[in-house]
Amino acid sequence: MRFGLKLPILNPVLKTLHIYLTRQILASLVMTVMVFTFVLLLGNALKEILPWLVSGQVRLGVVAQAIGLLVPFVWVFALPMGMLTATLLIFGRFSADQEFTAVRASGISLLSLISPILLLSLVLCGLSALINMELGPRCRVAYTAIRFKLEREFSTTYLPEGRLIKDFPGYMFYVGKNRKGNLEDVLILELQNQTNVTRKIHAETGKMEIDKAKNRIDLTLYNARFVTLGSDSRSAGNFGEIPIYLDLNSAKSPSFQPKIDDMTFGQLWDELHDLERRISFPIALKNLTPEQRKAAKKQLQDRRREVITPIIFQIHRQVAFSFACFGFTLIGIPLGIRVQRRETNVGIWIALLLVAVYYSFIVLGQAFQTRPEYLPQLIVWLPNFLFESVGAFLLWRANRGI
């Protein structure tokens with residue numbers, strides 16, 4: 001009879017607790033997302049937008065438009081960070097006030113208590129996917145288009161970083177970084193008939209200068225490795241320094257194209273298919289033994305992977321990052337219960353530490369996106385597996401009172 005009397009009382013209590021915790025989490029989530037959005041916007045504004053306004057280059061309305069376009073882009077990062085901070089703060093306070101002890105004494109398990117919070121995190125994963133894969137990239141591209149229009153007169157426009165450049169006949173470029181003409185991670189494909197790759201050059205650093213008298217770009221590459229892919233022969237080697245001259249008269253007018261990491265999910269797939277269709281590598285089959293022919297094909301496949309891996313990496317990054325809210329929720333709830341602190345600053349510091357750990361994997365994968373042998377597309381999934389497995393283990397321990 002005791003159990004028969006307890007169940008009708010328990011259900012309304014559990015429902016009340018669900019409503020209470022969900023309201024607390026939502027209120028804290030809105031507040032923390034607003035704070036992180038402001039901080040991230042402030043960082044971008046101080047670096048890129050405010051100098052335009054101070055120098056008098058643009059009107060206040062253009063600056064306001066640029067800031068508005070940045071909001072969905074920073075939500076890509078602010079939403080998971082906000083959910084992590086909210087769970088740490090609310091469940092830390094819930095445990096510090098002995099409310100969690102009272103709930104356990106009433107016979108309610110931790111898993112049944114947090115079920116609506118886990119459901120909310122999955123809903124946020126769907127929202128994050130929409131922002132990561134569609135809304136954020138489109139707004140970022142619109143913002144970059146404004147920057148491109150304002151900075152068009154600068155020489156760095158000719159070799160912008162982080163995108164495939166097809167403006168120069170006979171070449172395809174990818175530049176990892178372009179800092180006022182100082183280049184890093186430069187990949188050049190020399191093309192025949194705009195499709196067949198005859199030589200691939202990869203340089204650690206480079207220097208770009210504009211020769212206005214000759215109307216050309218003087219490009220100097222340092223510590224460069226090259227592979228020649230001819231129909232009858234192939235060779236490889238290294239250059240300590242190699243000059244390349246690009247005629248601006250024959251080049252297309254610099255046109256705005258979104259960076260690879262600013263493309264939507266659908267645009268990335270289209271770019272991947274277009275790149276695979278346009279680029280073919282001639283294979284030297286004459287005078288080769290079957291073993292040599294097999295080795296040559298494998299080498300050329302490796303070269304193809306090196307070209308398309310940055311796009312594949314971005315596809316995986318967008319999908320993997322959409323699950324960050326769920327992983328942060330799983331690990332945030334038991335950590336908040338264990339810390340048992342009501343102070344907001346403690347929760348924020350723990351959240352920032354966990355965010356730094358999570359994003360370190362993203363940065364590591366980004367650094368290896370032109371190195372397919374390191375499988376960068378799998379590196380971006382590691383923090384999800386790590387946070388979800390550790391969070392599930394901590395939840396299991398907390399549910400058992402360990």
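## Strands side by side

Start with tyrosine 171, whose bridge partner in strand S3 is glutamate 190. This is a predicted model, and here it places strand S2 (residues 171-179) against strand S3 (residues 182-192), with the two running antiparallel and joined by 8 bridges. Between S2 and S3 sit just 2 residues, making a hairpin. Look in that turn for lysine 180, which has a positive phi of about 55 degrees.

S3 has another partner to talk about: it pairs with S4, again in the antiparallel sense, over 10 bridges. To pick out one spot along this pairing, find asparagine 182 and its bridge partner in S4, lysine 207.

## A pocket with plenty of charge

Next, have a look at the second largest pocket, which holds about 210 Å³ of space. Its lining is made up of 13 residues, and the ones nearest the centre are Lys200, Arg225, Arg303, Glu306 and Glu373. Strand S4 (196-211), strand S5 (216-229) and helix H6 (290-321) are the elements that each give two or more residues to this lining. H6 gives the most, with 4 residues.

What classes of residue make up the lining of this pocket? Sorted that way, there are 8 charged residues, along with 3 nonpolar and 2 polar ones.

## The nonpolar cores

Now for the largest nonpolar core, which has 52 residues. Leu84, Phe91, Leu110, Leu113 and Tyr358 have the most contacts inside it. Plenty of helices chip in: helix H1 (2-55), helix H2 (60-96), helix H3 (99-105), helix H4 (110-150), H6, helix H7 (324-339), H8 and helix H10 (382-399) each supply at least two residues. H2 provides the largest share of this core, at 11 residues.

Leucine 113 is a handy place to zoom in. Leaving out residues up to four places away in sequence, leucine 113 touches Leu14, Leu17, His18, Leu21, Phe94, Phe100, Val103 and Ile108. Apart from the largest core there is another one, of 20 residues, including Ala203, Leu219, Ile242 and Ile244.

## A glutamine in a loop

Last stop: glutamine 369, found in the loop between helix H8 (344-367) and helix H9 (376-379). Is glutamine 369 buried or exposed? With a relative accessible area of 9%, glutamine 369 counts as buried, because buried means under 20%.

Who are its neighbours? Setting aside those within four places in sequence, glutamine 369 is in contact with Tyr174, Thr309, Pro310, Phe313, Gln314 and Pro376.

Methods:
Residues are numbered from 1 along each chain as its sequence is written. This is a predicted model: local features need pLDDT of at least 70, side-chain atom pairs count only at pLDDT 80 or more; totals for chains, interfaces and linings use all residues. Side-chain values use heavy atoms; hydrogens and water are left out. Buried means under 20% relative accessible area, exposed over 50%, partly exposed in between (1.4 Å probe, protein chains only). Contact means heavy atoms within 4.5 Å. On a 1 Å grid over the protein atoms alone, a cavity is a set of points where a 1.4 Å probe fits but cannot get out, and a pocket is an open set with protein on both sides within 12 Å along at least five of seven lines; lining residues have an atom within 4 Å of a point. Grid points are joined across faces, edges and corners, and a volume is the space filled by probe spheres set on the points. Ala, Val, Leu, Ile, Met, Phe, Trp, Tyr, Cys and Pro count as nonpolar, Asp, Glu, Lys and Arg as charged, and the others, Gly among them, as polar. Two strands pair if DSSP finds at least two bridges between them. A nonpolar core is a set of buried Ala, Val, Leu, Ile, Met, Phe, Trp, Tyr and Cys residues joined through side-chain atoms within 4.5 Å.
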